[in-house]
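Student: I would like to go through this structure with you, one question at a time. Where shall we start?

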Amino acid sequence: MTQLEDRTAGGPPRRPEPRPDRVAAGELVEVAMTVNGTGVAVSVPARVHLADVLRDHLGLTGTHLGCEHGVCGMCTVLVDGAAARACLLFAVQCEGAEVVTVEGLGTPDDQHPLQQAFSAHHGLQCGFCTPGMLMSSYDLLDAGPDGTAIAPEELPEQMSGVLCRCTGYRGILAAVADVAAHHPDGLPGPRNCAGRTLVGRGGGRSTAARGEEGAPAPDDVAPPAEVRVPAGAPSATVEVRSELAAPVEQVWAVLDDFDRLARCLPGAELLEVLPGDRFRGRATVALGPVRLSFEGLAQVVEREPADHRMRVLAQGADAGGSATQADIRLHAEPAPGGTVLRADAELFLSGRVAQFGRALAGDVSRRLFEQFAAAVEETALTGRATSVPAGPPSALRLLVDLVRARVRGFLPRSRGRGGNR
Ligand code: FES
Ligand code: FES
């Protein structure tokens, strides 16, 4: 990848020199654009279309591909505010463009009104056409009060650019009509267009995307010099409260010593201590057949010894096309018999690791923090870090514990319901 320098805040990187007028179809071309509010730069063959860049190079798999001939509309995205078939646009045609995909429309916790309406009106079954339907209907209604003033009887023709093989269209049309009726002043804008890290699925040299936070793509991007606060909605949040037998001052002594703290992190390895309370490290996680080895930076950005609090930002990427960022707050409080250690973390996942889903990512992360707390306790009590395995945590163990925890959590509720009948 050729990195593009001189990034404009919030927009695509500025190109240092003009692009050649003609290139061969297979020749790599640098393309800079803004996708869902994040400036990205990719280096791709000239013949690659926008949908493949979104899906394979930026990990935005919400844009679906059906016909790849401009017929089905599944791949519809917004380019500079207008609906476009991403399978019919070469990526190089999008130099400097503002692209919004279905991921930019909203999040599971903060859905756009169109997404809410599709759900409420059963406007999807298999969901394959849904991203195209959402982006097409967004384009249709997005013209201020005139856009949402559309008459319901116009919708069948206006929405005919995207094909659905499941629903019979009635739920889809009802959803769009509902949103139009409830927003006479105009359609609300996208809700998830904040800077974030974008990493493709395939990894390797063809993947070349960077978010505003500067998290590296694998292989050919120099590690970032500093760790930034992640932006946008997290993939998962974790809150773990652990009761430790060690006194709070001994627990804090472990947290305040990054070498010992890193040894308490399951599967983590401290590689280098850098100026500015920064640390370069590696962390390995195995989930079933998938083994992820992240390398990146961590930085202590807040440290309050009197209150035994600290905040750590971390970011890393693995060679398989996954990237993580974390905003972690640790707080040790004195408690009868020892210490309560609280770990609150926001996790931001992209690329392959994001495919595990927020629930599994949250549960596994929670388990890792519990292991971390146990290791902190042992280190605080014994003065040595001995208990955390050097290798990756066992995925099987994690998943078995996870299933057990879910079953335990389910049983009392089941019994309670049964008893009330
Ligand atoms: S995949 Fe683009 S129109 Fe069918
Ligand atoms: S919901 Fe299955 S194709 Fe539309």
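Tutor: Let's start with a term: a polar contact is a pair of N or O atoms within 3.5 Å, where, within protein, one atom must be able to donate a hydrogen and the other to accept it. Keep in mind that this is a predicted model.

Student: Which residue's backbone oxygen lies 2.9 Å from a polar atom of the side chain of Asn192?

Tutor: A polar contact needs N or O atoms within 3.5 Å. A polar atom of the Asn192 side chain has a backbone oxygen 2.9 Å away. That oxygen belongs to Glu103.

Student: Does Asn192 count as buried or exposed?

Tutor: Asn192 sits in the loop between helix H7 (170-182) and strand S6 (236-244). Buried means under 20% relative accessible area. Because its relative accessibility is 10%, Asn192 counts as buried.

Student: Which residues does Asn192 touch, leaving out those up to four places away in sequence?

Tutor: Contact here means heavy atoms within 4.5 Å. With residues up to four places away in sequence not counted, Asn192 touches Asn36, Glu103, Gly104, Leu105, Gly106, Thr107 and Ala233.

Student: Thr107 is in that list. Which backbone nitrogen lies 2.9 Å from a polar atom of its side chain?

Tutor: Thr107 is found in the loop between helix H2 (102-105) and helix H3 (113-120). Thr107 is at 12% relative accessibility, so it counts as buried. Not counting residues up to four places away in sequence, Thr107 touches Asn192 and Ala233. The backbone nitrogen 2.9 Å from a polar atom of the Thr107 side chain is that of Asp110.

Student: Now to a strand. How does Ala283 count in terms of accessibility?

Tutor: Ala283 lies in strand S8 (residues 278-287). Its contacts, not counting residues up to four places away in sequence, are with Gly267, Ala268, Leu292, Ser293 and Phe294. Partly exposed covers the range between the 20% and 50% cut-offs. Ala283 is at 26% relative accessibility and therefore counts as partly exposed.

Student: What separates the C-alpha atoms of Ala283 and Ala262?

Tutor: Along the chain, Ala283 and Ala262 are 21 residues apart. In space, their C-alpha atoms are separated by 9.8 Å.

Student: Finally, the whole chain. What share of its residues is buried?

Tutor: The chain has eleven helices and twelve strands. Among contacts with a separation of 6 or more, 61% are between residues 24 or more positions apart. Of the 421 residues in the chain, the buried share is 48%.

Notes. Residues numbered from 1 in each chain as written. Chains lettered and ligands numbered in written order. Predicted model: local features only at pLDDT ≥ 70, side-chain atom pairs only at ≥ 80, totals over all residues. Heavy atoms only, no water. Helix = DSSP H or I, 4+ residues; strand = E, 2+ residues; numbered from the N terminus. Buried < 20%, exposed > 50% of the residue type's maximum accessible area, 1.4 Å probe, protein only.
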